[in-house]
Each structure stands twice: as structure tokens, then as C-alpha cells.
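Work through the following exercises with the sequence and the model open beside you. Try each task before reading its solution.

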Amino acid sequence: MGAQSQAWNRCMSLIHHCTNMRHLKLTHAVFITHGLDANPYATSKLISFAALSPSGDLAYASHLFNHTHSPNSFIYNTLIRAHSRSPTPHLALHFFHLMLNHPSLAPDRLTFPFALIACANASRVQEAQQMHSWVVKLGLAHCDPHVQTALLRFYVQCGGLVDARKVFDEIPQRDAVHWNVLVSAYLKCGLAGEALGLFRAMLGCSGVVVVDEFCVATGLAACAQSGALTQGMWIHQYVRERGGFGEDVFVGTALVDMYAKCGCIADSVKVFEEMPKRNVFSWSAMIGAFALHGFAREAFLCLDRMVKEDGIRPDSVVLLGTLTACTHGGLEEEGWFLLENMEALYGVVPKHGHYGCMVDLLCRAGRLDEAFALIKRMPMRPLASVWGALLSACRIGSNVELAEIAVEELLRLEHDNGCEEDGAYVQLSNIYLGANRVDDARRIRKLMGERGIKKTPGCSAVEVDGEVSEFVSGDVVHRRRIEISAVLELLSFQMNDLHFREDLTITIR
């Protein structure tokens, strides 16, 4: 073996064993000593570590690029990939344009997915639309699943569901990832019914699409969000029949959450207890389920159970769920104990959410002065959720003074949020009325009218025969509104008739 080959092997071995930037810089020096810094392949190894390693340095990777005489496609793609998810996604597009202007290189199927991620993270909509045109001309939009997924993710993040759905519909052979991205997008936009419909359509393609555990978990999330118990039970049966997902911890956790949110706490507990493997998310879901149904002490007991049974230490989310359970169950002493000792017991520093739960707990107990004192000594700036909890409690406790303070803080924090603003004004007006301060209530209502503020209508959903229907207060466009009105009139008549009979019976007696 010649001296040159030995030097090459030594340098490749050094880069292979690099663990931090100090090692990399020493290896770079050895490369220079042996004249390998002019070799694009050798340089690509250095850039790859500096750009992609958790202990790397993107600035150093760019420095290496600037001293590379003939960068190849791998180097460009590495830097585009690294910068696309960094705090500087615009630099990914910088390298993309350098690659475009290169006389002998061109972006390929490995380039576009990360360039589109960079566009999404940098909010460069126009550039992404140009890339969309390029991938269509190159045929990648038709045949490459990674490019297709990147386009979907971009439009979901920046372009809206209409464009994302259009891209989805134009994909000739959709895989599980494509379906999952769009179903998740509908869920994030609060369109659980549409998400569930899309999930059912995916299952109808089960001979073509390989449904994985992520798709099943997303489908169950859609059922949980829309309250579609029948559909959730059907998916549970699908999981049992398939067999492959029965032991998956994420599917099990999604089932626990779905049953709880659809009102079936017993089924939620049964699924949880039968799970062969549980993680911190599973325990968090079970604690959240207990909290939702008012089983505060059962939720509190889970903190000890998860340590003893599974060796899992509660994290910030688990402790937040437990505090929420204390709030719903009125466990003031337990809530105080957990807030004041979570750092000592579990190494978790209380965050805003934890303080917010304790404020809510005190408000529900009618201890408004203590709640306000806790807000004032919070180590972080109180957000709208905390002031909202105090304002809601002021209506029950008829505490006008604290209500005015809460509304002032809410309006300062949410001055651009119409929903929060109208809610605050409506509650303050009602509190004034409850305290017989009619003139103040009229003043608030007049102010709302002058500013064009309207109360946001309430919305509810119900599942009948496996179909979820949504209703908005004052809805006149529901396709079955005539039947609904007829049934409501019938119920009203029957209730009035029942009251009349009760009154008549009392009179006769």
C-alpha cells in the first residue's frame, strides 16, 4: 500500500471517529497536511459532520464550503438540508440558488424536499411555487413520494388546505405518509369531521395503501376530537383484526384518549390496563382521562403508579395533567403540594401552565384573593388564560373590582384577538348586571356596539348512527334544520305538557 493510500485511509478513519468539533478541526488540519482538502469527496465528509451532527457547527460547514474548489451535489444538498430546519432557513435557499447557477450541477430529487422545507420555515411562498413548477416539469411531482410529501407539507404550513388538497388529489399513487399529512392538517385546523372522512377514504384504499400505526393513531385522534365514538370503536375493532397494531404504544395511547373524550372512561381504563407497554405519553393520556371525568384522586395516584410499575418519572406534561385533575376535583391541598414540591420530587420547574391550573383551582374554590396573589407572584408574565380564569370566577363571586383588573389585563394581552376581546366585554357586562350596576353594563354594551364587537356563537357536535353533525348557535343553514326544529317544538310541547300535569296534580292534592 502506497503512502497516498495510507494517508487516505487514515483521514477517512479520523473523520469516521469524530465526536465533536474539536476533533473535526484537528482532522481538517490532517486533511490539509496530506493535500486532501482539495478532494470534493473528502471535503464532503467534513461538511457532512459539521452540518448534520448534533455536535456540529453550521458556520464552520459554510466556511468549509467557501474553501471547496469544486463542490458536488452531495455538498450542496447537505448544506440545504442542514439549513432548512435551522434558525437560518434562508441560507438553505442561498445554497439552492448557488446550485441553480452552477454550470454543471442541477437540483435533483434529494434537493427539492429540503428546499421546500426551507421555503416553509422562511415563509417564502413565491419561491416554493416556483419550485413546484420545476418539480412538475421534471416529473418529480408525479413519481417521487418524498417530493410529493414535501409539497404537501409546504402547502399545509403556508398555502392552506385548499392548495394542499389539490396537490394530494394530483398524486397518482398515494402512500400512508401522504394520507397522514393531510388528515393531520385537517385536525390541526379543527376540521375533525373532514379528517375522519379522509381517514375512512384511506381505509377504503387498504389494498393499495399500507395503513401504519401513525395513520391509525391519527384516525383515532380525529374520532376523539369530533366525539365519533362509533367510528372510534370501529377503528379499535380494525386494530384487533389486523393484529399488528395491538401492541403499539402510540395506538394504545390514542385509544385511551379517544374513549375518554367520547365519554367512555371505563373503556379507556380497560385499554390502558391491558397495554403491554406504556410510556410517559400513555400515562399522560390516562391522567388526562381521569381529569376529564372528575376522578382526581385516581389521577393523583398515577404519579406513584407510573414510577413503581413502569419505572417512568413524571414530566412537565404529566404533572400539568395531574394539576388539571386536582382543579376538576377540587383537591386544593393536593394541588398546592404538587405545585410547591414538583421540582424537589420530580426535578420539574413549574411553568406557566402549572401556575395557571393552581389559579383556576383557587378560583373554582371561590378563593379569588389568593388566586390574585398567586398571579402577582408568578415568576413569569401571566398570560390571557390566567386572567380569563380569574374573570370567569369573578362572575360567580360577583367581584367587580378584580373583574375590572382581569379585563384590563386581558385586553392589553389580546388586543388583536377579536374572540378574546368580545368574550371579556360580555363577561364584564354580565358581572356589572349581577352587581346591579346597570349603567356600567349599558356602557360596556354600547362600547361593544361602537367597536363592532359581536359575541362569538357557540358550537356543538353530536354523533348519530356514526355520522357527526355540528351545530352553531342561530344556525339556519343546516341541511336538516326543518326536522331539527320540528323535534325541538315537539320536545317543548311535551315538556310544557308535563309541567302542566305536575301543576295540576299539586293543585288537586
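**Exercise 1.** Is Leu491 buried, partly exposed or exposed, and why?

*Solution.* This is a predicted model, in which local features need pLDDT of at least 70 and side-chain atom pairs count only at pLDDT 80 or more, while totals for chains, interfaces and linings use all residues. Residues are numbered from 1 along each chain as its sequence is written, and side-chain values use heavy atoms, with hydrogens and water left out.

Begin with the cut-offs: buried means under 20% relative accessible area, exposed means over 50%, and partly exposed lies in between (1.4 Å probe, protein chains only). Leu491 has a relative accessibility of 41%, and therefore counts as partly exposed. Next, locate Leu491 in helix H28, which covers residues 481-508; helices here are DSSP runs of H or I with at least four residues, numbered from the N terminus.

**Exercise 2.** Find why the length of helix H20 (residues 316-329) agrees with what is expected.

*Solution.* The expected span is 1.5 Å times one less than the number of residues. Because H20 has 14 residues, it should span 20 Å at 1.5 Å a residue, and its end C-alpha atoms are indeed 20 Å apart. Then examine the two ends: at the start of H20, a side-chain oxygen of Asp315 reaches to within 3.2 Å of the backbone nitrogen of Val317, whereas after H20 comes Gly330, whose phi is positive, near 70°.

**Exercise 3.** Which helices do the buried residues of H20 pack against, and which residues does Thr322 touch?

*Solution.* First, the buried residues of H20 include Val318, Leu319, Thr322 and Leu323. The buried residues of H20 pack against helix H18 (280-292), helix H19 (296-310), helix H21 (332-346) and helix H22 (352-364), where contact means heavy atoms within 4.5 Å. Now take Thr322, which lies in H20 and counts as buried because its relative accessibility is 0%. Leaving aside residues up to four places away in sequence, Thr322 touches Ile287, Ala299, Phe300, Leu303 and Leu338.

**Exercise 4.** Where does Ser123 lie, and is Ser123 buried or exposed?

*Solution.* Ser123 is found in the loop between helix H7 (112-122) and helix H8 (125-138). With a relative accessible area of 56%, Ser123 is exposed. Finally, look at its backbone: the phi of Ser123 is near 55°, a positive value in a residue other than glycine.

Definitions and conventions. Polar contact = N/O pair within 3.5 Å; in protein donor to acceptor, adjacent residues only side chain to side chain.
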